[in-house]
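Trainee: Could you take me closely through the part of this model where the two chains meet, step by step?

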Amino acid sequence: MGPNGSGKSTLAYSIAGHPKYLITGGSVTLDGADVLEMTVDERAKAGLFLAMQYPVEVPGVSVSNFLRTAVTAIRGEAPKVRTWVGEVKEAMASLNIDTAFSERNVNEGFSGGEKKRHEILQMELLKPKIAILDETDSGLDVDALRIVSEGVNRVKANSELGVMLITHYTRILRYIKPDFVHVFANGKIVEEGGPELADKLEEKGYAEYITA
Amino acid sequence: MSLLTTNYLTPTGREEAWRFTPLKRLAGLHDGSTKVADHISLSAKSALPNGVALTVADAAEHPASYTSTDVVTNRVREVVQKVSLLTIAKDVELSEPIHLSRKCSSTPEFSRVVIQAGVNSKSTVIVENTGNGELGEEIEINLAPGASLDLISLQEWDRNAVHLAQHHAIVSKDAQFTSYVVSVGGSVVRISPTVEFTGAGSFADLYGVYFATDGQHLEHRIHVNHNVPNAKSRVNYKGALAGDQAHTVWIGDVYIHKGADGTDTYELNRNLLLSDGARADSVPNLEIETGEIVGAGHASTTGRFDDEQLFYLQSRGIPADIARRLVIRGFFAEIINKLKSAELEERLMQRIDDELAKVGE
């Protein structure tokens, strides 16, 4: 958690390997492997997933084609047609996504809520080891927030998934219970604690962490 | 070789119509120096359905129905003794396309093709070009009242082919003409899809896809002549370029004449630059002589590959080369998907993938 402009998204994108960031110091490792040595797709194959705050539109590429291509890349082989269709349908149903969604182009003309549900759908199918959820709660109404949160909890319950949830607000923490809370300000972790730290932030805000 | 009598001049490269074209690479198709073979390589790929005929007819019996200002078209008319004549009888409605093909070899060829779509007929004609030859081509398409014709022109040439062409449609009352020009091969391809309307309620849709790599010159010059009231036209061409000296040219001329009240037109050209050293020229021209129109507009964009799209796909585990292919296929899908043939779509997309893989070799 942290105030606007503290560098939360920068951290998330840097870890995922966005080309506009150059990492000049420090290290990122996943199960002992040097993440910074990997290309963007290798990071995903190693088990890293970034749910983006502003998912990118990819014109002319259908959701079904995209999901299938991604799953094929991550799993190292094309999923069996018979089981794949059912797997996607089930994941979509649990996130309250209409099946007609498959034929739409990736993120093109999606509402804010649809984009976020689509991100969680990918997480569910790609089964990463660690997921960074960058303000997945922003722009969601109460119902969508609940559906998305349940999706995160479901994936977590069914796998060894670790989640780093980036948020300004404690609202989503009513649905997703954190084990640890880190306060991020001016590009650094300035305080760490348990769930009780989130309650304190809700009450007092970030003022004490922002130094002039 | 007879002296040419038509009122045109051999282009020098200074003319507006020829300023983008590499004249030295045209194998003499434009200046009369080439020796053309007396043969017709166009043929039907499969049996033609009832009501459809492809014949070779005397050129004298099928004089051109319009005046062309195109130098190569006039040379073709001057030279050819025979024309390929495709007729679709009135009221014939075809569910499968008429598939024509030609494979050009080293001998240059001039070809004049006349397509006559009968009253209220409905058909799709595919003209598939392959090989490594030199071709000067004119296709004249006559749509009788109420006819609907889709013409799919495929330039799947090998690397050294030179193809200069005009495809002219004369669209009469209530007729619908749709043109697809796909250029994914050749050394120099220069095609002018031109349209004139002769009756109200007529419609022309002109689509195009082109993909140029190292050293290829692909030029498409559209001309839509709105000279009758209440006709509608749409133009949408999409191109991608990769590699050194890849060059594409798109000219979109739309003229709305005085008296063409109720005209509705829009033209669009989008270019995707995949690497440095490639050049896309895009020139939309709209000339309007009447204010009593429904709409007239144009748009042209040329942009670089979107790194955000690449990052998004890669962040889902998709390797960079596959991600690039996905984005490029997606870019062309808007038009390729309109061909309504899964087999053809896949063949063309695969060709684009293959061309991309060869860039820089």
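Mentor: Between chain B and chain A the count is one salt bridge, and in this predicted model the side chains that form it are those of Arg316(B) and Glu119(A), with 2.6 Å from N to O. That distance lies within the 4 Å allowed for such a pair, so the contact qualifies as a salt bridge. Beyond charge pairing, nine residue pairs are in polar contact across the interface of chain B and chain A, counting pairs in which both residues have pLDDT of 80 or more. On the side of chain B that touches chain A, the elements giving two or more residues are α2 (307-314) and α3 (320-336) of chain B, and the largest share, seven residues, comes from α3(B). By character, the residues of that side of chain B divide into 11 nonpolar, five polar and two charged.

Turning to extent, the contact draws 18 residues from chain B and 32 residues from chain A. The size of an interface is often expressed as the accessible area lost when the parts come together; here chain B and chain A bury about 1900 Å² between them, with 69% of it on carbon and sulfur atoms. Within chain B, the residues that lose the most area to chain A are Phe311(B), Tyr312(B) and Arg316(B), which together make up 41% of what that side buries. Arg316(B) therefore deserves a second look, because it is named among the residues of chain B that lose the most area to chain A and its side chain also meets that of Glu119(A) in a salt bridge, defined by a nitrogen-to-oxygen distance within 4 Å.

Methods
Residues are numbered from 1 along each chain as its sequence is written. Chains are lettered from A and ligands numbered from 1 in the order in which they are written. This is a predicted model: local features need pLDDT of at least 70, side-chain atom pairs count only at pLDDT 80 or more; totals for chains, interfaces and linings use all residues. Side-chain values use heavy atoms; hydrogens and water are left out. Contact means heavy atoms within 4.5 Å. Buried area is the accessible area (1.4 Å probe) that two parts lose on being put together, summed over both. A polar contact is a pair of N or O atoms within 3.5 Å; within protein, one must be able to donate a hydrogen and the other to accept it, and residues adjacent in sequence count only if both atoms are side-chain atoms. Helices (H or I, at least four residues) and strands (E, at least two) are DSSP runs, numbered from the N terminus. Ala, Val, Leu, Ile, Met, Phe, Trp, Tyr, Cys and Pro count as nonpolar, Asp, Glu, Lys and Arg as charged, and the others, Gly among them, as polar.
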